[in-house]
Every structure is written in structure tokens, then in C-alpha cells.
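Here is a briefing on one protein chain. Please look over the sequence and the fold before reading on.

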Amino acid sequence: MTKLVLHTLPPSPFNTKVRLALSFKGLDYDTVEVHGFDGREAIVEATGQPLTPVIVDGDRKVFDSFAILRYLDANFDGPRLYSNTREGMREIERWEDLSRNGYGPALGLMLNMVISGEQNADTITLVNKLFDQLTVRVEQALEKNAFLTGDAITAADLAIAPFIHFASSDPESSPEKSLGRAVSTVLHLGARHARTRAWVERVMAYDRTASAV
Ligand SMILES: N[C@@H](CCC(=O)N[C@@H](CS)C(=O)NCC(=O)O)C(=O)O
């Protein structure tokens, strides 16, 4: 069996999600890091699109973190990321939607601001408010269970936790001048959502390569 190769842009949450999934399923892999948003020619040539994460499995390439997790679950052994029931799948997909259409665009606003090099107080306030509102749902789910859909980690947890990691981590723990530090300096969960913060730690413990954003 050929070793999997992950093309990744740390500390992007969609990329972190795939690292978590690989570790959770106990899969060995090599990493090719993409730095910044330029120099994507090799990825475009391989997959026809420029975004990371991309996974290469022999002569197969898969892009899009949501597709990659499904590929891993369907083709490799190890603990399951998805559900064997229709209702279970619907529940996981609702959390994935919140990641793709809620947390993703909110963090994107903050990232665009940070990359522009100019602080904008309105953007900072708006994104913190969006994160707080979205995280109310996470906190409510964690009142009932240890993980978002029950007693075990699923793709739902892996889809959401990396985003909240930015808002609940200590900027000092990130490399100086990194994108992660720049974001976590202005994005906060504050004192609220204690269950969520503890759950983020439990999920992120699967990140074998980087605990800091
Ligand atoms: N839906 C995709 C989103 C991937 C994505 O947006 N990747 C970002 C990193 S978070 C990227 O490669 N951005 C490069 C760019 O915008 O030039 C997924 O889930 O993998």
C-alpha cells in the first residue's frame, strides 16, 4: 500500500480537519506544506483547482476536505467518521453545513482583514459576534453529550473544532508573525462556552503535528 500524501496549508481549519481525521483513523502519511496563497501550480496541475487540502493516494487525488473525509472513511479501516444510519448522516451533515457556511465565511472575513495588514474594528466586532452566535449551538449540543452527535468523535467534531480553536487559543502559543497568531489575537470566545473550550482541547489532541494555530 502506498503512503498517503497530504498537501496542506497550516493552520487552515479545513486542512487541520484532514490532519485530525488521518490521526483519528490511525493512518500514516507524508506532508507537503504549501506556504501562503501563491505557488499552487503543482496542486492545480494535479487536481485542476488551487485549494488545499489535497490528498494523494497512489495515482488517486482527492480535493475538498469534506470529500477527503468521506474518501478516507469509505476506503480505510479504523474508527468511523460517519454514521451507518440515515438520521446519523443527516445530523453530521448539518454540522458540516455550519462549518462550511457559518464558521468558514466568518473566519474568512477575519483572515482577509489580517492578510490586508489593516485592523478594522467593525470586522473584529462582527466576526467575534458571529463566532459567539454560532458557538451557542455547539455549547447546547455539548450539554447533552461529550461530542457533537453523541459519545464518540465523528466528522461533525472535526469539521467545527478547528475553527473554534482559533478563538479559544492563546496567541502566545502560536509562532510569532504567523497567520494563526494574528487571527487568535483578535478572535476570542471570552469567558463564555466553557464546555466548548474543553471539547476543542479533546478534539485537537488528535492533531499530531501542531497544537498551536
Ligand atoms: N471547501 C474546501 C475549502 C478549501 C479552502 O478554502 N482552502 C483554503 C485554505 S483554508 C485555500 O487553499 N485557500 C487558498 C486561496 O484562497 O488562494 C475544503 O473543505 O477543503
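Where is the place of arginine 40? Arginine 40 sits in the loop between β2 and α2. The model is predicted. The points below start from that loop, then turn to salt bridges, helices and the annotated domain.

**Around arginine 40**

- Arginine 40 counts as buried, because its relative accessibility is 9% and the cut-off for buried is under 20%.
- Proline 50 lies in another stretch, the loop between α2 and β3 (54-57).
- Ten residues separate proline 50 and arginine 40 in sequence, and their C-alpha atoms are 5.7 Å apart in space.
- Proline 50 is partly exposed, with a relative accessible area of 38%.
- Arginine 40 and arginine 70 are 30 residues apart along the chain, and 24 Å separates their C-alpha atoms.
- Phenylalanine 37 also has its place in the loop between β2 and α2 (41-47).
- Phe37 joins Ile115 and Leu179 in a nonpolar surface patch, with about 270 Å² of accessible area together.

**Salt bridges**

- The structure holds 13 salt bridges.
- Side chains of opposite charge can pair when their charged atoms come close.
- One of the salt bridges pairs the side chains of lysine 3 and aspartate 30, at 3.0 Å from N to O.
- Lysine 3 is in the segment before β1 (4-8) and aspartate 30 is in strand β2 (residues 29-33), so this pair ties together parts 27 residues apart in sequence.
- Both partners are partly exposed: lysine 3 has 40% relative accessibility, and aspartate 30 has a relative accessible area of 36%.
- Aspartate 73 forms a salt bridge with lysine 25, with 2.6 Å between the closest N and O atoms.
- That pair links distant parts of the chain, 48 residues apart: aspartate 73 is in helix α3 (residues 65-75), and lysine 25 is in the loop between α1 (13-24) and β2.
- Aspartate 73 is buried, with a relative accessible area of 4%, and lysine 25 counts as buried at 5% relative accessibility.
- Glutamate 139 and arginine 195 meet through their side chains in a salt bridge of 3.9 Å, N to O.
- This pair also links distant parts of the chain, 56 residues apart: glutamate 139 is in helix α5 (residues 121-144), and arginine 195 is in helix α8 (residues 194-204).
- Glutamate 139 is buried at a relative accessible area of 12%, whereas arginine 195 is partly exposed at 43%.
- Arg70, Arg90, Glu93 and Glu96 are joined into one network by salt bridges that share partners.

**Helix α4**

- Helix α4 (residues 86-116) has 31 residues, which should span 45 Å at 1.5 Å a residue.
- The end C-alpha atoms of α4 are 43 Å apart, which agrees with that expectation.
- At glycine 104, α4 bends by about 35°.
- Proline 105 follows glycine 104 within four residues.
- Just after α4, glycine 117 takes a positive phi of about 85°.

**Helix α6**

- Helix α6 (residues 155-168) has 14 residues.
- From its first C-alpha to its last, α6 reaches 20 Å, close to the 20 Å expected at 1.5 Å a residue.
- A kink of about 30° lies at alanine 161 in α6, shortly before proline 162.
- Why does α6 count as largely enclosed by the rest of the structure? The reason is burial: 13 of the 14 residues of α6 are buried.
- Serine 168 is found in α6, and serine 168 is partly exposed, with a relative accessible area of 21%.
- The C-alpha atoms of serine 168 and valine 32 are separated by 27 Å, and the two residues are 136 apart along the chain.

**Annotated domain**

- An unreviewed UniProt entry lists residues 2-80 as "domain: GST N-terminal".
- Over residues 2-80, the chain is 38% helix and 23% strand.
- The end C-alpha atoms of residues 2-80 are 21 Å apart.

Notes: Residues numbered from 1 in each chain as written. Predicted model: local features only at pLDDT ≥ 70, side-chain atom pairs only at ≥ 80, totals over all residues. Heavy atoms only, no water. Salt bridge = Lys/Arg side-chain N within 4 Å of Asp/Glu carboxyl O. Helix = DSSP H or I, 4+ residues; strand = E, 2+ residues; numbered from the N terminus. Buried < 20%, exposed > 50% of the residue type's maximum accessible area, 1.4 Å probe, protein only. Patch = residues over 30% accessible without salt bridge, like charges linked within 9 Å, V, L, I, M, F, W, Y side chains within 5 Å. Areas by Shrake-Rupley, 256 points an atom, 1.4 Å probe, with all protein chains shown as cover. UniProt positions renumbered as here; feature names shortened; annotations may be inferred. Expected span 1.5 Å × (residues − 1). Bend = angle between axes of the 7 residues up to and from the residue.
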